[in-house]
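User: I want the reasoning behind the labels on this model. Take the ligand shell and then the strands.

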Amino acid sequence: MTRLFKNFIGGEWVGGDTAADNINPSNTDDVVGTYVRASRTDAQLAIDSAKAAFANWSKSNPQTRHDVLKKVADEILSRKAELGELLAREEGKTLPEAVGEVARAGQIFAFFSGEALRQSGEKLASVRAGVEVDITREPLGVIGVITPWNFPIAIPAWKIAPALCYGNTVVFKPAELVTGSAWALAEILSRSGLPAGVFNLVMGHGRDVGQTLLDHRDVTALTFTGSVATGMRVAQACVQRMAKFQLEMGGKNPLVVLDDANLSSAVENAVNGAFYSTGQRCTASSRLIVTAGVYDEFVAALVDRTKALVVDDALKAGSHIGPVVDAAQLEQNQSYLRIAQDEGATLLWGGERMMRDTPGFYMAPAIFTDCTNRMRVCQEEVFGPIVSVIRVSDYEEALAVANDTPFGLAAGICTTSLKYANHFKQHAEAGMVMVNLPTAGVDYHVPFGGRKGSSYGPREQGRYAAEFFTSTKTAYVLP
Ligand code: TXE
């Protein structure tokens with residue numbers, strides 16, 4: 001018998017009629033735990049609790065908010081090994097990656113504990129004689145937090161921590177596949193000193209629990225990370241009732257490699273960006289755009305380096321790449337292997353399903369060459385360990401190809417030329433630009449987000465998070 005984990009609503013742990021097993025993708029015989037599935041009614045109760053709690057929490061002392069967030073940060077950081085193991089077990093990223101993600105979640109709570117003490121406004125001279133103008137930020141109300149499976153604790157942290165920091169209350173609906181990390185975070189928050197109702201966890205399906213958050217008039221704002229298709233649903237529902245919303249969706253991130261690049265570091269950046277975390281990162285480098293002078297040498301080195309990657313159980317020491325998250329994602333990856341070959345790309349290496357000691361969703365990282373940027377594999381987010389290499393003649397063509405995408409999250413360049421690095425920084429149509437670094441891997445105290453079809457609304461993380469989680473008020477006073 002596995003343990004039954006419940007939802008957290010109005011300060012109580014609440015059971016339900018249905019529950020779902022959380023399965024380890026490295027070993028499908030291993031059940032991480034059984035998690036109660038929330039219903040629409042549970043979601044409504046959670047929203048009611050969050051609404052009732054808002055009046056006091058929105059006026060709470062900054063010291064109280066600091067202390068709560070700091071307590072959460074300290075506990076996450078002190079338990080990072082244990083929580084990292086849980087995360088690796090339920091999601092399939094390797095243990096070092098998982099521990100790193102947990103540490104990042106702790107750092108995010110620590111950052112926002114400090115921000116709670118630094119909330120400020122502005123006072124300006126009016127253009128009218130004798131009038132004073134001041135601008136302050138106020139919390140919004142109940143925030144619906146809807147998150148994906150690929151960062152089971154970091155993404156919830158970077159939405160929940162600022163929401164609470166700025167005085168909002170929260171209803172959190174995690175992805176169905178990663179309820180373990182979500183529950184662990186909720187359990188820590190439940191002991192942090194938050195008044196009942198300020199934070200609520202509802203583990204359930206997107207189509208009912210998620211949809212309830214989208215449609216309920218008492219959810220003032222929605223923050224969402226996930227697929228483009230669901231992001232569009234969030235947008236449509238929010239526009240219908242004029243709720244504020246923020247979307248982080250896919251990427252088709254380019255990594256440009258120029259003739260003058262340091263070859264070995266370019267290959268490392270490519271392998272890290274394309275394959276680590278099994279390619280399941282919105283910032284993954286899924287298009288490698290390489291100039292002709294270095295193309296053959298780069299591709300040969302990339303294949304050699306990829307052959308050396310160990311694909312195995314996420315918890316095993318020495319694994320570089322864990323399994324794909326589930327059977328559906330594995331099938332999606334395999335379908336893109338067929339689509340790319342049908343369109344004329346050459347599968348130079350990898351792609352095959354792999355057997356290991358335990359039954360899991362293992363797949364060899366795949367490299368496609370002879371790609372053109374018009375192919376579906378170069379335009380659509382695959383979300384797996386599959387990379388396409390595109391040959392271009394020079395920097396100008398590389399930049400044009402890099403920008404020829406409906407997405408605009410991250411863009412990278414490997415070059416020793418200051419001229420090209422600076423030009424790329426200015427002209428890449430992306431929210432984040434990396435020079436001689438992987439496209440994935442970002443700091444937690446600066447803005448995160450993209451342009452075009454990747455993101456909508458204000459940036460997440462760092463001080464810029466205030467743009468979404470607060471509303472400004474301009475007050476005019478004639479003393
Ligand atoms: O995403 P969904 P899934 C992409 C990636 C992946 C695909 C599907 O290509 O293969 O999306 O993944 C909730 N109302 N990315 O199915 O469905 C859902 O329960 C409200 C890229 O996981 O978008 C989950 O909590 N909520 C991305 C969240 O939305 C709804 C990361 C995301 O699920 C809902 C993840 C509804 N009607 C997936 N339907 C990235 N680039 O980071 C679903 N949800």
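User: What makes helix 7 the element with the largest share of the shell around the ligand?

Analyst: The count does. In this predicted model, helix 7 gives 4 residues to that shell, the largest share. Helix 7 spans 206–215. Strand 11 (219–225), helix 8 (228–240) and helix 11 (327–342) also give two or more residues each.

User: Which residues come nearest, and what puts a residue in the shell at all?

Analyst: A residue belongs if one of its heavy atoms lies within 4 Å of the ligand. The shell holds 26 residues. Thr147, Lys173, Glu176, Ser227 and Gln329 come nearest.

User: Why is the pair between Gln329 and the ligand called a polar contact?

Analyst: The cut-off for a pair of N or O atoms is 3.5 Å. An N or O atom in the Gln329 side chain is 2.6 Å from a ligand oxygen. That is within the cut-off, so the label applies. Thr147 uses a polar backbone atom, 2.7 Å from an oxygen atom of the ligand. For Gly206, a backbone N or O atom lies 3.3 Å from a ligand nitrogen. Both of these pairs also pass the 3.5 Å test.

User: How much of the ligand does the protein bury?

Analyst: The ligand alone exposes 820 Å², and the protein buries 85% of that. The ligand sits in the largest pocket.

User: What does "sits in" require here?

Analyst: More than half of the ligand atoms must lie within 2 Å of the pocket's grid points. The ligand is assigned to the largest pocket on that test.

User: How do the shell residues divide by type?

Analyst: They are 10 nonpolar, 12 polar and 4 charged. Gly counts as polar in this scheme.

User: How do you know that strand 6 and strand 7 pair?

Analyst: Pairing needs at least two bridges. Strand 6 (residues 122–125) and strand 7 (residues 132–139) have 4, in the antiparallel sense, so they qualify. Lys123 stands opposite Asp134 in strand 7. The hairpin has 6 residues between the strands, and Gly130 there takes a positive phi near 80°.

User: Which strand does strand 7 join over 8 bridges?

Analyst: Strand 23 (residues 470–477), running antiparallel to strand 7. Glu132 stands opposite Val477 there.

User: Why are strand 1 and strand 4 called edges?

Analyst: Their open sheet has 3 strands in the order 1-5-4, with mixed pairing. Strand 1 (4–5) and strand 4 (18–24) each have a single partner strand, so one side of each lacks a neighbour in the sheet. Strand 1 pairs with strand 5 (residues 27–37) in the parallel sense over 2 bridges. The threshold is at least two, so that pair counts. Leu4 stands opposite Thr34 in strand 5.

Notes: Residues numbered from 1 in each chain as written. Predicted model: local features only at pLDDT ≥ 70, side-chain atom pairs only at ≥ 80, totals over all residues. Heavy atoms only, no water. Polar contact = N/O pair within 3.5 Å; in protein donor to acceptor, adjacent residues only side chain to side chain. Areas by Shrake-Rupley, 256 points an atom, 1.4 Å probe, with all protein chains shown as cover. 1 Å grid on protein atoms, 1.4 Å probe; cavity = no way out; pocket = protein on both sides within 12 Å on 5 of 7 lines; lining within 4 Å.
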